[in-house]
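This report concerns the nonpolar cores and the charged pairs of the structure shown below.

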Amino acid sequence: MAAADCLVANDWICGAYLRSRAQELTDATLQHVGITAVSVLLGLAVAFPLALLVRARPRLAGPVLGLTTLLYTIPSLAMFSLLLPFLGLSSALVVTGLVLYSLTILVRGVLAGLAAVPAETREAARGMGYGPGRLLWEVELPLALPALMAGIRMATVSTIALTTVGSIVGRGGLGNLIEDALPTFFKAQVLAASVLCVLLAVTADLLLLGLQRLLTPWTRPRARRTAGRPG
């Protein structure tokens with residue numbers, strides 16, 4: 001009985017809320033993760049060929065980067081309103097908006113990664129008979145991974161935050177719980193959903209950082225040998 005008093009008192013921290021709404025919190029979290037993952041993956045699938053196009057034709061850099069920046073400046077409510085006639089009130093509406101928002105980060109991340117590949121490395125690979133496709137996948141992309149992964153990390157954290165805005169069409173994951181709680185200022189629900197959003201962002205960033213280190217072992221600082229040389 002005492003534990004349930006926090007619901008009546010509308011406390012910020014309430015164990016009774018967490019126990020009684022555990023399934024609701026789990027469902028909202030899973031929806032949030034799903035929308036974020038699909039949006040980032042689709043954003044990367046669009047950003048990668050765009051970046052390759054810009055690299056092949058540098059004169060397109062201004063229009064492409066300018067367009068992605070312009071898309072990022074559109075307020076989310078306006079973006080969803082523009083997409084609504086085509087996609088309706090669906091998860092596709094939210095995912096499409098998030099993909100468009102992610103492009104400004106991901107396109108720049110891919111370009112920065114490819115630009116960081118030393119010219120002499122490319123020339124050496126060409127001298128060994130590497131064609132354009134093999135050069136890209138076997139030489140350039142591995143060396144571009146640190147900058148590329150940094151862009152993916154930024155896009156992922158940004159998308160986790162922006163996913164909450166999808167609550168305006170009922171597809172916002174944890175944002176739905178926050179929006180539902182605001183009219184009555186249900187403190188425990190606002191706090192729980194907000195903390196879960198932060199935890200999702202931190203967890204995703206750490207997981208991607210771990211993946212980056214796993215895929216790029218050559219970037220790890222080498223441990224200094226302290227043992228003396230054998231006599």
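## Nonpolar cores

In this predicted model, the largest nonpolar core comprises 23 residues, and those with the most contacts inside it are Val110, Leu111, Leu148 and Ile152. Helices α3 (22-56), α4 (61-73), α6 (91-115) and α8 each contribute at least two residues to this core. The largest share, 8 residues, comes from α8.

Leaving aside residues up to four places away in sequence, Val110 touches Phe48, Ala51 and Leu148. A second, separate core of 20 residues includes Leu174, Ile178, Ala192 and Ala201.

## A buried salt bridge

The structure holds 6 salt bridges. One of them joins Glu140 to Arg122, with the closest N and O atoms 2.4 Å apart. This pair links distant parts of the chain, since Glu140 lies in helix α8 and Arg122 in helix α7 (residues 119-127), 18 residues apart.

Glu140 counts as buried because its relative accessibility is 2%. Arg122, at 15% relative accessibility, also counts as buried. Arg55, Arg122 and Glu140 are linked in a network of salt bridges.

## Salt bridges within helices

Glu123 and Arg126 form a salt bridge with an N to O distance of 3.0 Å. Both residues lie in helix α7, 3 residues apart, about one turn of the helix. Arg126 has a relative accessible area of 43% and is therefore partly exposed.

In helix α8, Glu138 and Arg134 are 4 residues apart, about one turn of the helix. Their salt bridge brings the closest N and O atoms to 3.2 Å. Glu138 is partly exposed, with a relative accessible area of 47%, and Arg134 is partly exposed at 41%.

Technical notes: Residues numbered from 1 in each chain as written. Predicted model: local features only at pLDDT ≥ 70, side-chain atom pairs only at ≥ 80, totals over all residues. Heavy atoms only, no water. Core = buried A, V, L, I, M, F, W, Y, C linked by side-chain atoms within 4.5 Å. Buried < 20%, exposed > 50% of the residue type's maximum accessible area, 1.4 Å probe, protein only. Contact = heavy atoms within 4.5 Å. Salt bridge = Lys/Arg side-chain N within 4 Å of Asp/Glu carboxyl O.
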